[in-house]
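Open the model in your viewer and keep the sequence panel beside it. The tour goes from one selection to the next and says what is there.

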Amino acid sequence: MKQLTYLLWMCGLFFLAACSSDDPQSSTLPQINIEKTHYSLAKGSIEVKLIADAPVSADTEIPFFIYENANENTDYILSANSFLLKAGESEATITITRPEGEIGENSTELTLNLDRNAAPKGFHMGLINYTTIELMGKNATIVSFTTKADLLTMQSDFKIRLEKLDGSTYRVKEATDFEVEADPSSTAVEGVHYEFVGKHAATVPRNKNEGTVSIKFLKKEEGKDRLVLRLAEKVGYTLGSNPTITITVQGPYNISGTWAFKSIVNQEWWATNWYVDTSNFPKGSSEDQITFTGNSYEHYTFTPKIQGDLKNYFDSACSVTYQGERNEKYEEVGGYPLTTANITVLEFEQVNVNFSAKNISNRKAVVGFRILREGNTETLECTIYDYEPTDFLEDIYDMFLSYANKPVMLEAPLRLHFTRVVK
C-alpha cells in the first residue's frame, strides 16, 4: 500500500512538471535542479549537490522529502533536511553518510524529492527535482582509484581496483573497461597539456581486480597543471572512496643544481627486513655535495664534491644522459598495495659499481632520481640499483647474481636523500 501511494504521488509530480513546463513565464526563469538523478553509496559518504542557474540574492533553504526503503540513522544519516543556498551562491550540498556497522546483503534505495513550492522568487524548480540514492548491500562491487592524488611526469599509469563491500577481492570474468573522464575542475586541457594513451578507460584484464589508464605528458603551463580524472558510473558497480584522482601535470624532472647529502633513507629497512648489519653502510655528511649542470632534462654534466663514502661510487665528474622512466617499488614504505612512483633513469658515463675504496670497477651505470617537494623544501631522491658492492651487502649481491635481472640489485636498492643547496 505504501509503495502504491508513492507511485501515485510520483505520477502526480510528473503531471505537475509537465503542466508547469507549458507555462511560458516559468520556462524563462533560472532553474533549480539536482546535479544528478542517481547516486550510489557503499560506505563512507557522498555529497548530493543542488545547482541554481544563477546566484540567489539572499540565504534560501530548499527543503526536500525522502521516500525510503531504508531506515534513517540506521542505514543512512542526513547532514541536513534542506539545501541551504547562501546569498550570492548558486550551489549547495547535503551529505549522506553510511553509519559504521553491519551492512545488509541486499541494496536498498532512497528517493530525494525537492519541495517544488520552495523555489525562491525569480526561480523555477527544474525537471531534475529528485534523485535516487542506492545504498549498496555487502555483495556490491566497488571500483575506485587506488590513490587520491598523483603526478604525471613523462607517461604514467593510474590504477583502479575492484573489491566487494566486505573488503574481499573481486575479479572480473572477462576484460572490462571502466571509462574515465576529465572533471570540469581540471585546468589542464586534453590535447594541449596531456593525452590519453589508448582508451579513455582503465582496463581490468580477465581474472584480475586491478587495471590502469595511461596518460602522456605534452606540455607544462603555469596555472594549467591540474587534471582531475573521474570514474564514470557503470551498471553493476558502485564508486568507492576514491572516485576521482587529482593529477599534477608536471613533466620530466629537472634536477639541475647542487644537492647536499642527507641520509640513506631505507637503511633501517635493510636492518629490519633483511636482518643486515648496516654498520658498514656508506656514511656521509651535508658537506658531501653533487651538482648537475645543464639546460635540459636530457643531458647534464655531473660534478661530485664528496669527502665521505659516496665518493666510492660517484668517483669522478662525467656526463649524464636521460634514459627514460621506470616504475619503482618502494618496499620500505610497507603496506598493500606497494607504493610505486615513476623515477627518471639517468646513465652516468662512469661510476665505481663496486662502491669501494679498495676495489675499482668503473663503467657506465644507470641511477634513478625524482624530486620530492614539501612546502618550499626540495629533496632529491637518488635510487642506486646498478651496483656490485664488495664492502657491504656482498652476500645479498651474491644471492641476486643467480637471478636474471639486470642490473643485479634492481630489487635491492640504496635510497639516498639530498637537499637542495640554495645559493
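Select Asp183 and Arg230 and show their side chains: the two make a polar contact at 2.9 Å. A polar contact here is a pair of N or O atoms within 3.5 Å; within protein, one must be able to donate a hydrogen and the other to accept it, and residues adjacent in sequence count only if both atoms are side-chain atoms. Asp183 is found in the loop between strand S14 (176–182) and strand S15 (194–196). Helices (H or I, at least four residues) and strands (E, at least two) are DSSP runs, numbered from the N terminus. Is Asp183 buried or exposed? Its relative accessibility is 15%, so Asp183 counts as buried. The cut-offs are under 20% relative accessible area for buried, over 50% for exposed, and partly exposed in between (1.4 Å probe, protein chains only). Leaving aside residues up to four places away in sequence, Asp183 touches Val228 and Arg230, where contact means heavy atoms within 4.5 Å.

Before moving on, note what kind of model this is. It is a predicted one, in which local features need pLDDT of at least 70 and side-chain atom pairs count only at pLDDT 80 or more, while totals for chains, interfaces and linings use all residues. Residues are numbered from 1 along each chain as its sequence is written, and side-chain values use heavy atoms, with hydrogens and water left out. Now colour the chain by pLDDT, the predictor's confidence in each residue, from 0 to 100. The mean for the protein chain is 90, and 94% of its residues reach 70 or more. Select residues 1–22: pLDDT stays under 50 there, and the model has 17 contacts beyond four places in sequence for this stretch.

Next, the salt bridges. A salt bridge is a side-chain nitrogen of Lys or Arg within 4 Å of a carboxyl oxygen of Asp or Glu. How many salt bridges does a search of the whole structure find? The search finds 17. Select Lys36 and Glu233, whose closest N and O atoms are 3.3 Å apart in one such bridge. Lys36 sits in the loop between strand S1 (31–34) and strand S2 (38–41), and Glu233 in the loop between strand S18 (226–231) and strand S19 (238–239); the pair links distant parts of the chain, 197 residues apart. Lys36 counts as partly exposed because its relative accessibility is 31%, and Glu233 is partly exposed with a relative accessible area of 44%.

Go on to Glu378 and Arg420, whose side chains meet in a salt bridge of 2.4 Å, N to O. Glu378 lies in strand S27 (residues 377–384) and Arg420 in strand S28 (residues 414–420), so this pair ties together parts that are 42 residues apart in sequence. Arg420 counts as partly exposed, at 28% relative accessibility. Then add Arg326, Glu328, Glu332 and Arg415, which salt bridges with shared partners join into one network. Within this network, the closest N and O atoms of Arg326 and Glu328 are 2.1 Å apart. Arg326 is partly exposed at 22%, whereas Glu328 counts as buried at 3% relative accessibility.

Now select Trp270. Trp270 is one of the residues with the most contacts inside the largest nonpolar core, which has 44 residues. Such a core is a set of buried Ala, Val, Leu, Ile, Met, Phe, Trp, Tyr and Cys residues joined through side-chain atoms within 4.5 Å. Strand S26 (residues 362–374) gives the most to this core, with 4 residues. A second, separate core of 27 residues includes Ile46, Ala70, Ile96 and Ala118. Not counting residues up to four places away in sequence, the residues that Trp270 touches include Tyr275, Phe281 and Leu414.

Move to Tyr275, in the loop between helix H3 (267–273) and strand S22 (289–296). Tyr275 has a positive phi of about 55° although it is not a glycine, and counts as exposed at 71% relative accessibility.

Last, select the cysteines Cys318 and Cys382. The structure holds 0 disulfides, a disulfide being a pair of cysteine sulfur atoms within 2.5 Å. Why is the sulfur of Cys382 not in a bond with that of Cys318? The two sulfurs are 12 Å apart, which is too far for a bond. Cys318 counts as buried at 10% relative accessibility, and Cys382 is buried at 0%.
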